[in-house]
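Work through the exercises below with the sequence and the coordinates open beside you. Each task is followed by a solution that proceeds step by step.

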Amino acid sequence: MDLGALYEEVILDHNRSPRNWGEIPGAHHIDGRNPLCGDHISLSVQVDGDVITDVKFTGEGCAISKASASMMTQSIKGKTRSEAEALFEGFHNLVTGHGANPPDKSLGSLRAFAGVARFPTRVKCATMAWHALKEATGFGVQASGTEGV
Amino acid sequence: MATLTERSGLAVSGAGLDVERIRADFPILGIHPRGRPLVYLDSAATSQKPRQVIEALTRYYEEENGNIHRGVHYLSELATIKYDETREAVRRFINAESVNEVVFTRNTTEGINLVASSYGQKFVKAGDEIVVSQMEHHSNIVPWQLMAERTGAVLRAVPVTDIGELDMNAFESMLGPKTRLVALTWVSNSLGTVNPVKRIVELAHARGIPVLLDGAQAAPHIPIDVQSIGCDFLAFSGHKMLGPTGVGVLYARGDWFIRLPPYQGGGDMIETVTIEKTTYAKAPSKFEAGTPAIGPVVAFRAAIEYLESVGLDAIHRHEMALLEEATARVSALRGIRLIGTAPGKAGVLSFTMDGVHPHDIATILDQSGIAIRAGHHCTQPLMARFGCGATARASFYLYNTMDEVSALVAGLERVREVFA
């Protein structure tokens, strides 16, 4: 048993103290839900031209979904839509086990989620915030069939 | 014919169940998920199956398979007999007056949908009220909402108290001249609360209101006597009581199945068909359109007989001993909040742990081969009532042991370590 592979210290830390927690008044709001488990995220995204200038979230969910949302907000702030889209694609590949091994360095701290690939039932937890971001900003990465409902 | 007890060697000692001998009947309990012995604490979701049921299913397909109620050949006749023998076994199991009060469905959900659709079509109009409760499974909420959308009826929900019981005063006050039906669960799948169904039926019947009971969590654990309870409808599922998936039961008292219009049309439910008009078969056939899950229905009889041979009273005592031990030891852990603490509840332990989401609890336990349920348990209104989006739930059945309770406790201690 190697739970460390899933619950990396950085993930536990973001679960305890999520970054960019809250709402941005007047910004674009999107609610993401996982109907299977009832987890949800409320994401506020401020976009200036093509750049994501600010992003915050609130919600309720497991350590994986909360930490993923928290680390996503850190990694996309200041990025263009297409840069954020590329990050999601890399992240998606990482958590579904389709990415490079070792993981692409461009993913930065998001590489902590590599262990999710060994827990197929938890992929949806890791990607919930990213799917909400996709809706909020309109970039398009298709959910894969392995993520379930 | 040898009784099941003789054939399977089941034995009940004075002190309780001979759990080791029962466990030997359940092949799946020997598997090692994640390299660890399986600790299956999710029987409220679905029970495991004894080899008697698995063998009955295999035997059906190897020796008895034919379509029912339509052929004159040997296999059709045999399958028809076997299928209807299960109906008689169900009648006996719930002490229904007649086999014509027993209809096979796919599951509890389909039984409730049948009543919502057929009863709604004939007896419900705009402004009428259907009484459910805050503790219902979504399957006893959504079918009524769909029916309310079609008819203009209104859904009212009995509130739940802090310990997880129905507020019976509120229930009584909700019953009025507009109430057309009461649809309540017998045992809560999330809390384990056993509702006072006999009292519920008395109160409703005193006002001429029929009652449907969701028996999904009751039938596996509680001796049922529908004539004593007096309910009009009772729906339950085979797969939660040692039977195969794909089989459910809808009981309807007396002439209800005669008064209700058909639910689905098709073969087997007709008397004569012309392009202009069809006359329907009598119940139960009227509500069993198309080829049903014959094999699973046939095998379901072995599940009923298994439960009868062990005895639901003995099973209940065993579950209560496990629940008592688990409740004491789990609630002694740091940061645990039990959800549902009604006296006399069924073998369900629902809880949250400070700072740890139930999904993370379940994932960590799963790494030790321990299967519990985490989530909203298809009872989102109830979760909202208790201010939590989800709980972790361990549920016990006849094959669980005190060692498995210890494994659960050790697993929860490990969760604490990971999330220290």
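## Exercise 1: the surroundings of a histidine

Leaving aside neighbours within four places in sequence, list the residues with which His376(B) is in contact, and then establish where His376(B) is placed and whether His376(B) is buried or exposed.

Solution. The model is a predicted one. Setting those sequence neighbours aside, the contacts of His376(B) in chain A are Pro35(A), Leu36(A), Cys37(A) and Gly38(A), and those in chain B are His138(B), Ser190(B), Met383(B), Gly389(B) and Ala390(B). The next step is to place the residue along its chain: His376(B) belongs to the loop that runs between β16 (373–375) and α14 (380–385) of chain B. For the accessibility, the relative accessible area of His376(B) is 5%, and because the cut-off for a buried residue is under 20%, His376(B) is classed as buried. Finally, a polar atom of the His376(B) side chain lies 2.9 Å from the backbone nitrogen of Cys378(B).

## Exercise 2: the interface of the two chains

Describe the interface of chain B and chain A, beginning with the residues in contact and the buried area, and ending with the polar pairs and the make-up of the side supplied by chain B.

Solution. Begin with the residue counts: 18 residues of chain B are in contact with 19 residues of chain A. The two chains bury about 1,400 Å² between them, and 55% of this area is on carbon and sulfur atoms. Turn next to the charged pairs, where one salt bridge is found across the interface; Arg122(A) forms a salt bridge with Asp360(B), with 2.9 Å between the closest N and O atoms. Eight residue pairs are found in polar contact across the interface, both residues being at pLDDT 80 or more. On the side of chain B that touches chain A, α13 (358–366) and α15 (402–418) of chain B each supply at least two residues, and α13(B) gives the most, with four residues. By class, this side of chain B has six nonpolar, ten polar and two charged residues.

## Exercise 3: the cysteines

Determine how many disulfides there are over all chains, and find which cysteine sulfur is nearest to that of Cys62(A).

Solution. The count over all chains comes to zero disulfides. For Cys62(A), the nearest cysteine sulfur is that of Cys125(A), 3.8 Å away; because a disulfide requires sulfur atoms within 2.5 Å, Cys62(A) is in no disulfide. As for accessibility, Cys62(A) counts as buried at 0% relative accessibility, and Cys231(B) counts as buried at 1%.

Methods. Residues are numbered from 1 along each chain as its sequence is written. Chains are lettered from A and ligands numbered from 1 in the order in which they are written. This is a predicted model: local features need pLDDT of at least 70, side-chain atom pairs count only at pLDDT 80 or more; totals for chains, interfaces and linings use all residues. Side-chain values use heavy atoms; hydrogens and water are left out. Contact means heavy atoms within 4.5 Å. Buried area is the accessible area (1.4 Å probe) that two parts lose on being put together, summed over both. A salt bridge is a side-chain nitrogen of Lys or Arg within 4 Å of a carboxyl oxygen of Asp or Glu. A polar contact is a pair of N or O atoms within 3.5 Å; within protein, one must be able to donate a hydrogen and the other to accept it, and residues adjacent in sequence count only if both atoms are side-chain atoms. Ala, Val, Leu, Ile, Met, Phe, Trp, Tyr, Cys and Pro count as nonpolar, Asp, Glu, Lys and Arg as charged, and the others, Gly among them, as polar. Buried means under 20% relative accessible area, exposed over 50%, partly exposed in between (1.4 Å probe, protein chains only).
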